[in-house]
Amino acid sequence: MDEPDRFGDVFFTHATRLVRLAALLGDDDPEDVVQESFCKLYAARDRLLADDAKVVAYLNRIVVNEVRSRHRRRRLARRDAHLLVTEDATDPNAGHGDRRAVVEALAALPPRQREALVLRFWMDLPLAEIADAMGVRPGTVKSQISRGLDVVGAALREEVER
């Protein structure tokens, strides 16, 4: 299979999943994240010669890094502009009860814990692939998942008590 066909196959097979990943990691424009990620994959298209698992792992890593970069840029912009964050009245999760509480609890987590939980429980990746996507060791992934679950569990228990 030639390079353009392979790139198209990878795009159509994984784009929707990667948009969900970027959204769950908290990006405001997950489609743009995925577009940028595929641009970066195309720039490094020699990676398409690798087996499918390596290409997918590389794409996961690009998406995670792109979301991190965007969070970092937004945080700096807010800090420098002295803006206040307000709640959006058009929250798509409004009225969904448990799902809304889980998404809110995830949003309150530090980025690394959120990444680990989303990659593990929403994307159903094994620890080794999560470690690769996050650029850390499997032991770090385990600790981030454990800490994240503790915080989310406490937040959900608090929500139930209200």
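A residue is termed buried here when its relative accessible area is under 20%. Q144 meets that definition, because its relative accessible area is 14%. The model under discussion is predicted. The protein has 162 residues, of which 36% are buried, and its secondary structure consists of seven helices and zero strands.

**Overall architecture**

- Read from the N terminus, the order of elements is α-α-α-α-α-α-α.
- Among contacts in the protein with a separation of 6 or more, 63% are between residues 24 or more positions apart.

**Aromatic pairs between helices α1 and α2**

- The number of aromatic pairs in the model is four.
- One of these is formed by F7 and F38, which meet edge-to-face, with a centre-to-centre distance of 5.9 Å and an angle of 90 degrees between the planes.
- F7 belongs to helix α1 (residues 3-24) and F38 to helix α2 (residues 30-43), so this pair ties together parts that are 31 residues apart in sequence.
- Both partners count as buried: F7 has a relative accessibility of 17%, and F38 has a relative accessibility of 4%.
- F7 also pairs with Y42; the ring centres are 5.3 Å apart and the planes stand at 80 degrees, so this pair is edge-to-face.
- The pair of F7 and Y42 likewise links distant parts of the chain, with F7 in helix α1 and Y42 in helix α2, 35 residues apart.
- Y42 has a relative accessibility of 40% and therefore counts as partly exposed, the class between under 20% and over 50%.
- F7, F11, F12, F38 and Y42 together make up one aromatic cluster.

**Arginine residues over aromatic rings**

- R45 is placed over the face of Y42, at 4.3 Å from the ring centre. Y42 is also a member of the aromatic cluster that includes F7 and F38.
- R120 is placed over the face of F121, at 5.6 Å from the ring centre.

**Packing of helix α5 against helix α6**

- Helix α5 (residues 111-122) packs on helix α6 (residues 127-134) at an angle of about 140 degrees, and their axes are 10 Å apart.
- The two helices are therefore oblique to each other, and their crossing is right-handed.
- On the α5 side the contact is made by R112, E115, A116, L119 and R120, and on the α6 side by I130, A133 and M134.

**Packing of helix α5 against helix α7**

- Helix α5 also packs on helix α7 (residues 138-161), at an angle of about 95 degrees and with the axes 8 Å apart.
- An angle of 65 to 115 degrees counts as roughly perpendicular, and α5 and α7 are therefore roughly perpendicular to each other.
- The α5 residues in this contact are R112, Q113, A116, L117, R120 and F121. Their counterparts in α7 are V141, Q144, I145, R147, G148, L149, V151 and V152.
- R120 and F121, the residues of the arginine-over-ring arrangement, both take part in the meeting of α5 with α7.

**Position of Q144**

- Q144 is located in helix α7 and is one of the α7 residues that meet α5.
- Leaving aside residues up to four places away in sequence, Q144 touches R112, Q113 and A116.
- R112, Q113 and A116 are among the α5 residues that meet α7, and R112 and A116 are also among those of α5 that make the contact with α6.

Note on methods
Residues are numbered from 1 along each chain as its sequence is written. This is a predicted model: local features need pLDDT of at least 70, side-chain atom pairs count only at pLDDT 80 or more; totals for chains, interfaces and linings use all residues. Side-chain values use heavy atoms; hydrogens and water are left out. Rings of Phe, Tyr and Trp (its six-membered ring) pair if their centres lie within 6.5 Å; planes under 30 degrees apart count as stacked, over 60 as edge-to-face and the rest as tilted. Helices (H or I, at least four residues) and strands (E, at least two) are DSSP runs, numbered from the N terminus. Buried means under 20% relative accessible area, exposed over 50%, partly exposed in between (1.4 Å probe, protein chains only). A charge sits over a ring if NZ of Lys or CZ of Arg is within 6 Å of the ring centre and within 35 degrees of the ring normal. Axes are lines fitted to C-alpha atoms, for helices over the stretch in contact, and angles run from 0 to 180 degrees between N-to-C directions. Angles under 35 degrees count as roughly parallel, over 145 as roughly antiparallel, 65 to 115 as roughly perpendicular and the rest as oblique. A crossing is left-handed if the near helix is turned anticlockwise from the far one by less than a right angle, and right-handed if clockwise. Contact means heavy atoms within 4.5 Å.
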